[in-house]
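Here are a few exercises to work through with the model open beside you. Try each task before reading its solution.

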Amino acid sequence: MIINFRQDNLISPPQPTAMSNVEFLRILHLCDKEIDWQTESGWLLDIYEDCIPNDSEKAFTSVITLLRKLKDKEVIGIDHLVVLIDIVKRTKSSSKWNLLRILREFENKRKDYKELLKQISRALQESNELQRSISTCVENNVILRKTGKQIKDFDALFKMLEDRHILGIEDLTILKTIATEVEKPDLCRLVEEFEKKRKQEEDSERRNDNLRRVGGLGPFNRLS
């Protein structure tokens, strides 16, 4: 089965997973909006110094500039939320519990996605399907043949697909294509179950958005 993935993905430079990165940046801006820099900057700067000692570039003017620097230094990231969660916990913001809930939801979403990749990787590895999986990607114009020869395991394959925005939480088509080509219907069902769960979560978020528009929920609240 050939899926018409875009050819320009073959030459795209590595980038963070698109949708997860967008959502993470939105969370950083929510933190900037809800944490008062004027009253909290002192201990936030201490946290920065503790995480990145002897850094000469500390001319921060807001929460977002500090968080961006922590992100650039890889102290926080889409799969590294411990420090950010700890920061939010210690703020005096009246919205901190809502921020924490948003962070936990994002963290759980990423964990579920990474667990899905782990399960698929393990199943395909056990049946020695790496080369067939790479061939499927080559045939679908996702990776170049010469690039495929450099891939040693499924972690590397999935990372490359993520970097090229072919694979991510919002688009698992390539996983289903691989599972179909290597005749693993159980893996297709696994992906479809994940997609179904994500759709249910999106439907819930959509209902919450509608309630917020009519004043039924605050800007951070979620229905239980």
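## Exercise 1: Arg198 and its surroundings

Task: classify Arg198 as buried or exposed, then list its partners.

Solution. Step one: Arg198 has a relative accessible area of 7%, so it is buried; buried means under 20% relative accessible area, exposed over 50% and partly exposed in between, with a 1.4 Å probe and protein chains only.

A word on the model before going on: it is predicted, so local features need pLDDT of at least 70 and side-chain atom pairs count only at pLDDT 80 or more, while totals for chains, interfaces and linings use all residues. Residues are numbered from 1 along each chain as its sequence is written, and side-chain values use heavy atoms, leaving out hydrogens and water.

Step two: place Arg198 in helix H10; helices (H or I, at least four residues) are DSSP runs, numbered from the N terminus. Step three: beyond residues up to four places away in sequence, Arg198 touches Lys109, Ile169 and Glu170, where contact means heavy atoms within 4.5 Å. Step four: the side chains of Arg198 and Glu201 are joined by a polar contact of 3.0 Å. A polar contact is a pair of N or O atoms within 3.5 Å; within protein, one must be able to donate a hydrogen and the other to accept it, and residues adjacent in sequence count only if both atoms are side-chain atoms.

## Exercise 2: Two glutamates

Task: find which residues Glu23 touches, and what the side chain of Glu40 reaches.

Solution. Step one: Glu23 sits in helix H1 (residues 18-34) and is partly exposed, at 24% relative accessible area. Step two: not counting residues up to four places away in sequence, Glu23 touches Phe106 and Lys109, and its side chain makes a 3.0 Å polar contact with that of Lys109.

Step three: turn to Glu40, in helix H2 (residues 37-51). Glu40 is buried yet has no salt bridge, and Lys92, its nearest side chain of opposite charge, is 6.0 Å away. For a salt bridge, a side-chain nitrogen of Lys or Arg must be within 4 Å of a carboxyl oxygen of Asp or Glu; Lys and Arg count as positive, Asp and Glu as negative, and His and the chain ends are not counted. Step four: the side chain of Glu40 does reach the backbone nitrogen of Lys92, at 2.7 Å. Leaving aside neighbours within four places in sequence, the contacts of Glu40 include Ile35, Arg90 and Thr91.

## Exercise 3: Phe158, its ring partner and the core

Task: describe how the rings of Phe154 and Phe158 pair, then locate Phe158 in the largest nonpolar core.

Solution. Step one: both residues lie in helix H8, four residues apart, about one turn of the helix. Step two: Phe154 is buried at 1% relative accessibility, and Phe158 is buried at 4%. Step three: a search of the whole structure finds three aromatic pairs. Phe154 and Phe158 form a tilted one, 5.9 Å centre to centre with 50° between the planes. Rings of Phe, Tyr and Trp (its six-membered ring) pair if their centres lie within 6.5 Å; planes under 30 degrees apart count as stacked, over 60 as edge-to-face and the rest as tilted.

Step four: the largest nonpolar core has 30 residues, and Phe158 is among those that touch the most other members. Such a core is a set of buried Ala, Val, Leu, Ile, Met, Phe, Trp, Tyr and Cys residues joined through side-chain atoms within 4.5 Å.

Notes:
Helices (H or I, at least four residues) and strands (E, at least two) are DSSP runs, numbered from the N terminus.
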